[in-house]
Amino acid sequence: MDKFFILLAPHYCLGCGVKGQVVCANCLQDACSDSQNYCLKCGGTIADRCRRCCLPFEKSWQVSSREGVLKSLLDTYKFESVRAAAGPIAEALSTCLPILPASTVVVTIPTIPGHIRQRGFDHTKLVARRLAKFKGCAHKELLRRKNNTVQFGKSARVRRAQAKEAFACSAVLDPKVPYLIIDDTCTTGATVTEAAKVLKAAGAKRVWVAVVARQSIDK
Ligand SMILES: [Zn+2]
Ligand SMILES: [Zn+2]
């Protein structure tokens, strides 16, 4: 569909079809109601961190699994380039998170440049900015990509291998400040794990992760 047309056309809720927003308040609330937290690697139920998986972040949160309205919302945003979906996605993330210390820095997984060109905007950065605003903290682009390999459709083993050495951080980070890495979809946890390791190597001591949706690899 023509991008200009998308900007002007009214939105219909992806959940119930009501005219107005990409997702209405009720449907967004429903999509965020599964507050159970799971380990981003093994999928086990956790409080803050998994006892079995030794992940390099202290805490993690997720909105829900990638299904229903949440899946439609992410697909509309990423694959149909509907910019207005950034608001509800940031709101969903904000809802699943507790109150954050004001010193918290929201960190994004850098988007592959080709994807920014295709969509006409940096989808991760838009969500990060809004989330940081909702939570009253800062957003900084601390990570950069060392390569541009795409993980979609790859096996768990290949994803882990690809994620290694994927990012770099040239800043010196504050050990007292919490760094919250955000990502839209988490499959094996490989990407956020590598991003967390890079932040720690740059001096961070408190690294947290929030993802919009958790997805099993065979979906
Ligand atoms: Zn609705
Ligand atoms: Zn685990």
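**Close-up views of a predicted model**

**View 1. The zinc ion (ligand 1) sits in a tetrahedral site.** Its four donor atoms subtend angles of 103 to 115 degrees, which makes the arrangement tetrahedral. The model shown here and in every other view is predicted. For four tetrahedral donors the ideal angle is 109.5 degrees. The donors to the zinc ion (ligand 1) are the SG atoms of Cys13, Cys16, Cys24 and Cys27, at 2.2 to 2.4 Å. Along the sequence, these donor residues follow the spacing C-x2-C-x7-C-x2-C.

**View 2. Cys24, a donor to the zinc ion (ligand 1), lies in a loop.** The loop runs between β2 (19-20) and α2 (25-31). Cys24 has a relative accessible area of 13%, so it is buried; the cut-off for buried is under 20%. Cys27 is buried as well. Beyond its neighbours within four places in sequence, Cys24 is in contact with Cys13, Cys16 and Val18. Leu131 is 107 residues from Cys24 along the chain, and their C-alpha atoms are separated by 18 Å.

**View 3. The zinc ion (ligand 2) is coordinated by Cys39, Cys42, Cys50 and Cys53.** Each of these residues donates its SG atom, at 2.3 to 2.4 Å. The angles subtended by the four donor atoms run from 107 to 113 degrees, which makes this arrangement tetrahedral. The donor residues are spaced C-x2-C-x7-C-x2-C in sequence. Cys42 and Cys53, 11 residues apart, are both placed in the loop between α2 and β3. Cys42 counts as partly exposed, at 35% relative accessibility. Cys53 counts as buried, at 12%.

**View 4. Five strands form an open sheet with parallel pairing.** The strand order is β3-β9-β8-β4-β5. β3 (59-65) and β5 (138-140) stand at the edges with a single partner strand each, so one side of each has no neighbour in the sheet. On average, neighbouring strands are turned by 25 degrees against each other, direction ignored.

**View 5. Strands β4 and β8 pair in the parallel sense.** Residues 105-108 make up β4, and residues 178-186 make up β8. Four bridges join the two strands. Within this region, Val106 stands opposite Leu180 in β8.

**View 6. Helices α4 and α8 lie across strands of the sheet.** Helix α4 (residues 86-96) lies across β3, β8 and β9 (206-214). Its direction is at about 125 degrees to β3. Helix α8 (residues 190-201) lies across β4, β8 and β9. Helix α8 runs at about 160 degrees to β8.

**View 7. Leu180 and Ile182 touch the most other members of the largest nonpolar core.** This core holds 38 residues. Elements giving two or more residues to this core are α2, β3, α3 (68-79), α4, α6 (123-135), β8 and β9. A second, separate core has 30 residues, including Val105, Val177, Ile181 and Val209.

**View 8. The surroundings of Leu180.** Residues up to four places away in sequence are not counted here. Leu180 touches Trp61, Leu97, Leu100 and Thr104, among others. Its contacts also include Val105, Val106 and Val107. Leu131, Trp208, Val209 and Ala210 are further residues that Leu180 touches. Two of the residues in contact with Leu180, Val105 and Val209, belong to the second core.

Conventions:
Residues numbered from 1 in each chain as written. Chains lettered and ligands numbered in written order. Predicted model: local features only at pLDDT ≥ 70, side-chain atom pairs only at ≥ 80, totals over all residues. Heavy atoms only, no water. Donors = N, O, S within 2.8 Å, 3.2 Å for Na, K, Ca; no water. Tetrahedral: all angles 85-135°; square planar, octahedral: opposite > 155°, others 65-115°. Buried < 20%, exposed > 50% of the residue type's maximum accessible area, 1.4 Å probe, protein only. Pairing = 2+ DSSP bridges. Axes fitted to C-alpha atoms, helices over the stretch in contact; angles between N-to-C directions. Contact = heavy atoms within 4.5 Å. Core = buried A, V, L, I, M, F, W, Y, C linked by side-chain atoms within 4.5 Å.
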